[in-house]
Every structure is written in C-alpha cells, then in structure tokens.
Amino acid sequence: MHEALRLAHQAALHGDVPVGAIIVLQGRIIGAGFNIREAKADPTGHAEIVALREACHYTQRWRVDGATIYVTLEPCSMCAGALVNARVTRLVYGASDPKAGAVRSVLQICDDPRLNHRLQICAGVLAQPCAEILQNFFQIARKRVKAKNLPTP
C-alpha cells in the first residue's frame, strides 16, 4: 500500500485526484498506475485501469488470476467491474468512498454473487493516510476555486 500511496502523490503532482494502484502477482509488481484523467483527458484514466493495462501487458493475457491489487481509494463502478472482468483474485484498498465506492460503500460489485467472478476484499489498509492525501488535495482545490471567484479590487 505504501507504493500505491507514493503513486497517488505522483497523480497529485500532475493535477489529478491522488489515487494510486499496484498489482502484485507472486510477490512481484506487474502493474502500477495513478490517476491520469486530467493529464490525458481520458475518462477511463483511473489508477486501477492504468495498473490493469500494465499488468495485462506484462502477462500477455486479459486475465490476471492470482493477482492482488492495492489501491488507495475504494474503486468506483467502472474499476470494480474491470477488476471482476480481469479475474483479479484479491482487492486491498485504503480509504472508503461514500459517494462513489462500488465495493462496499454504495455498491458491492466485487463480491456480487450474480457475477461470474468474486474478489477477496480487504478494506481500510492505511485508510488514514490514504484519506488524508485526498482531503488535502480537495482542500487546496477548493481554495483555488474560491480565490478565482473573489471580486477584483
């Protein structure tokens, strides 16, 4: 999770929401990513999707069975669906997302019995530092917006 947090900091440096993800298979990182939505003008540029693409490139398969993904924020519905479709074995995430989390908070995609694959889920790992980086990012973003709306003297 520490490596995913380091990647989240990279996203923030590029002006993106600070979320980082790594995918580990047999003790080796085979995929890593951070949010690149703003940097690449790509709505699918979430950390999990970037890491999945890299992992699949590494394995030369669309499936990454046996792999664990570590992500700093609870995945959204797009990312949770991609994890199910890629047959990721285990998901470990830090901060919960009460507005868009699709693993536990709003939806429960990753262990929905109606789907053809379910992930093992471990929530709340390093939740405080994972949440803090997001809170700090949005605090600064709100201050910038507020500063732009001030009347000129």
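Two strands are taken to pair where DSSP finds at least two bridges between them. On this criterion, the predicted model contains an open sheet of five strands with mixed pairing, arranged in the order β2-β1-β3-β4-β5. The edge positions are occupied by β2 (28-34) and β5 (120-123); each has a single partner strand, so one side of each lacks a neighbour in the sheet. On average, and with direction ignored, neighbouring strands are turned by 15 degrees against each other. The strands β4 and β5 run parallel and are joined by four bridges. Tyr93 is placed opposite Ala123 of β5.

Two helices were found to lie across strands of the sheet. Helix α1 crosses β1, β2 and β3, and runs at about 145 degrees to β1. Helix α3 likewise lies across β1, β2 and β3, with an angle of about 145 degrees to β2.

The largest nonpolar core comprises 37 residues, within which Ile23, Val64, Val88 and Leu91 have the most contacts. At least two residues of this core are supplied by each of α1 (2-13), β1 (20-25), α3 (47-59), β3 (68-73), α4 (77-85), β4 (90-95) and α5 (127-148). The greatest contribution is that of α3, with five residues. Apart from this core lies another, of eight residues, including Ala11, Val24, Ile36 and Val50.

The surroundings of one core residue were examined further. When residues up to four places away in sequence are not counted, Val88 touches Leu52, Val64, Ala67, Ile69, Leu83, His117 and Leu119. In soluble globular proteins, nonpolar side chains tend to be buried together.

Note on methods: Residues are numbered from 1 along each chain as its sequence is written. This is a predicted model: local features need pLDDT of at least 70, side-chain atom pairs count only at pLDDT 80 or more; totals for chains, interfaces and linings use all residues. Side-chain values use heavy atoms; hydrogens and water are left out. A nonpolar core is a set of buried Ala, Val, Leu, Ile, Met, Phe, Trp, Tyr and Cys residues joined through side-chain atoms within 4.5 Å. Buried means under 20% relative accessible area, exposed over 50%, partly exposed in between (1.4 Å probe, protein chains only). Contact means heavy atoms within 4.5 Å. Axes are lines fitted to C-alpha atoms, for helices over the stretch in contact, and angles run from 0 to 180 degrees between N-to-C directions.
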